[in-house]
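The exercises below ask the reader to work through a predicted model. Each task is followed by a solution that goes step by step.

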Amino acid sequence: MAVEAFGRMKDYECKPNIAVYNLILNVLVKSDTILLALAVYNMILKSNCGMGADTFNVLIDGLFKSEMIEDALNLYDEMTQRRILPTKITYTVVISGMCKAKRTHDAHRMFELMKTRGCRPDSATYNALLDGFCKCGQIDEAFKLFKSFRADGYNVGIRGFGCLIDGLIKAKRISGAEKLFQQVLDAGLVPDIILYTIMMRGLTELGRMEDATNMLRDMIGKGVMPDTRCYNVLIKGFCDLGLLDEARSLELEISQHNQFPNSCTYTILICGLCRNGLLGEAQEIFNGMEKLNCSPSVVTFNALIDGLCKAAKVDEARLMLHKMEIGKNPSLFLRLSQGTDRVLDSASLHKKVETLVESGLIHKAYKLLIQLADSGVVPNIKTYNTLINGMCKDGQVDRALKVFEELKHKGHFPDSVTYATLIEGLQRVDREGDAYKLFKHMNENGCKPSASVYKTLMTWSCRRRKTSVAFGLWLEYLRSLAGREGEALKSTEKYFEKGDFEMAVRSLLEMDMKLVDFDSGPYNIWLVGLCQTNRVDVAIRTFSVLEEFNVVVSAPGCVKLIEALCSEGNLGKAVDVFLYTIERGYKLMPRVCNGLLQRLLGSKERAAVAFELLDKMKSVGYDLNSCVHHNTRFLIRHRYSERISENVLSAAR
């Protein structure tokens, strides 16, 4: 109604003032029609209405919420260039937006600038910055900020404690979160539904469902009624553990507290059912959502498409994607996708909205955006990635490449995951050349290859016995990163060119271990590659270097090394690596365990080592009854009989 009335003002020769413009901007931003809000902003500029901070606050907030970060910051700069002083709300909106964009240090600088300009922060500003640092995983810095805020006179409430507890849980520091939660109770503060939900999420993520359920009952006992979001946390916890009956039981309990399952509830259940192979039940829930007047979200569609792909029902998954694209309003889809002014992406939609506004058809532009929002859900890049992954795993790489071309024509931009999935798929069907062409295409199209893309290429290079290519690929990746030591990389390259792989790895580790984002993946890939090319001596020396630098060697790396050492008859080193896996808490497959045990038991001198290994395996939870094979049992009995005979003979002497 408000937008329609605004659009008809010109019919009565009535010019809107800045108060009316601000009102309509609020309506548009709240209804998630930021494109129309920007078009109205252009109208304000042309009308020469005197704008104040209120106008910019609404738009900057809307842009941040629409993840148009650079546009939001540009608008803030435009505001200051127009000599409009930012208010407390402006600073809080910008600080919150920067934090959501993971630019916490920029947000902190803005916070300090705010204070130096004489604008006193309020609790919303303090909480926005605190929450930003916590959500970005900078929990230690968040606690330092917390102390400095208290020195400034900031009164910590439930909201502030909630930010810190949430940060501790995200950092997997649940004991710290529990202690801080207890401090909240000891201080006489009453936790709200948000804080209880945060704590329950932390407990469910550790599989402590009994503790989480007890907290729910305790919360209800204290008069704090759970909402649907709270129940969703518990339902997800049960689904993650495969306890689907308990999850369905909680779904039914929601209505007892005047709440209703929402799209998120059904999405969690669909994910859980698909993960446990119950695709039929997942489809029943999906089909029943519309009858319950609960529209599936893009996440719901993605979950079901993933389930269909994993069940090798790729054609059904493709139809589900098509259903998403058409949405609930096929006529709208056809109207927008045909003709000379087709709307296929956000840029063409932006242009269409601007054209309508300039023609004075504001209400028509608004109706178009609302219809688009109501017509269904738009597939996102994750949807396409899920389908492409399913097709690649089903061996339908050409179909996956066709979907890849389609998504570009529909205005989506392939991300690093898209390329990594396709590169993996091409390598699986032995199309190495095409995989490297796609890798080159990725660079040319401005999508910077991520570490995972390089690691995919490295893994396949090692499988093809091209360890040197794998090493060179990682050096190429490191050179592409800012802040890497150029001289150190040159030194590493020299060692590698000389064939001194051990020193090359040591040199790289000395540089890498100084970094916060250290990645052990490449080292494990090289270790496996060395074993695959039978360079076992180099592999064991590399293993020793990794141990020296406290780099965790993966279970697959250990398995390959044990098998390679056994093949060379180096059983002593193989046992050392096996003991390393026990220390790390790895449980190796019976095939690997029996291979080593049989080789040890094959020698009378090494049989004692095998018995010691069996004792250690039992002590750390190996089920020897199911793990030890028939042939191994025969050798154990044979060596055990020998030991008894020798003991009897010794006693007789």
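**Exercise 1.** Leaving aside its neighbours within four places in sequence, identify the residues with which Phe578 is in contact, and then place Phe578 in its helix and in the largest nonpolar core.

*Solution.* Step one is to list the partners: outside those four places, Phe578 is in contact with Ile562, Leu588, Cys593, Leu596, Leu613, Met617 and Tyr622. Step two turns to the helix, since Phe578 belongs to the buried residues of α34, among which are also Leu571, Ala574, Val575 and Ile582; the elements covering these buried residues include α32 (536–548), α33 (555–567), α35 (590–601) and α36 (607–619). Step three is the core, which has 202 residues and in which Ile60, Ile165, Leu508 and Phe578 touch the most other members, while helix α3 (residues 34–47) gives the largest share, eight residues.

**Exercise 2.** Compare the reach of helix α34 with the expected span, and state what follows the helix.

*Solution.* Helix α34, with 14 residues (571–584), reaches 20 Å from its first C-alpha to its last, which is close to the 20 Å expected at 1.5 Å a residue. After α34 comes Gly585, whose phi is positive, near 85°.

**Exercise 3.** Describe the second largest pocket by its volume, its lining and the source of that lining.

*Solution.* The space in this pocket is about 860 Å³. Its lining has 34 residues, and Lys135, Asp166, Ile198, Arg201 and Arg229 lie nearest the centre; by class, the lining residues are 14 charged, twelve nonpolar and eight polar. Helix α12 supplies the largest share of the lining, eight residues.

How values were computed: Residues are numbered from 1 along each chain as its sequence is written. This is a predicted model: local features need pLDDT of at least 70, side-chain atom pairs count only at pLDDT 80 or more; totals for chains, interfaces and linings use all residues. Side-chain values use heavy atoms; hydrogens and water are left out. On a 1 Å grid over the protein atoms alone, a cavity is a set of points where a 1.4 Å probe fits but cannot get out, and a pocket is an open set with protein on both sides within 12 Å along at least five of seven lines; lining residues have an atom within 4 Å of a point. Grid points are joined across faces, edges and corners, and a volume is the space filled by probe spheres set on the points. Helices (H or I, at least four residues) and strands (E, at least two) are DSSP runs, numbered from the N terminus. Ala, Val, Leu, Ile, Met, Phe, Trp, Tyr, Cys and Pro count as nonpolar, Asp, Glu, Lys and Arg as charged, and the others, Gly among them, as polar. The expected span of a helix is 1.5 Å times one less than its number of residues. Buried means under 20% relative accessible area, exposed over 50%, partly exposed in between (1.4 Å probe, protein chains only). Contact means heavy atoms within 4.5 Å. A nonpolar core is a set of buried Ala, Val, Leu, Ile, Met, Phe, Trp, Tyr and Cys residues joined through side-chain atoms within 4.5 Å.
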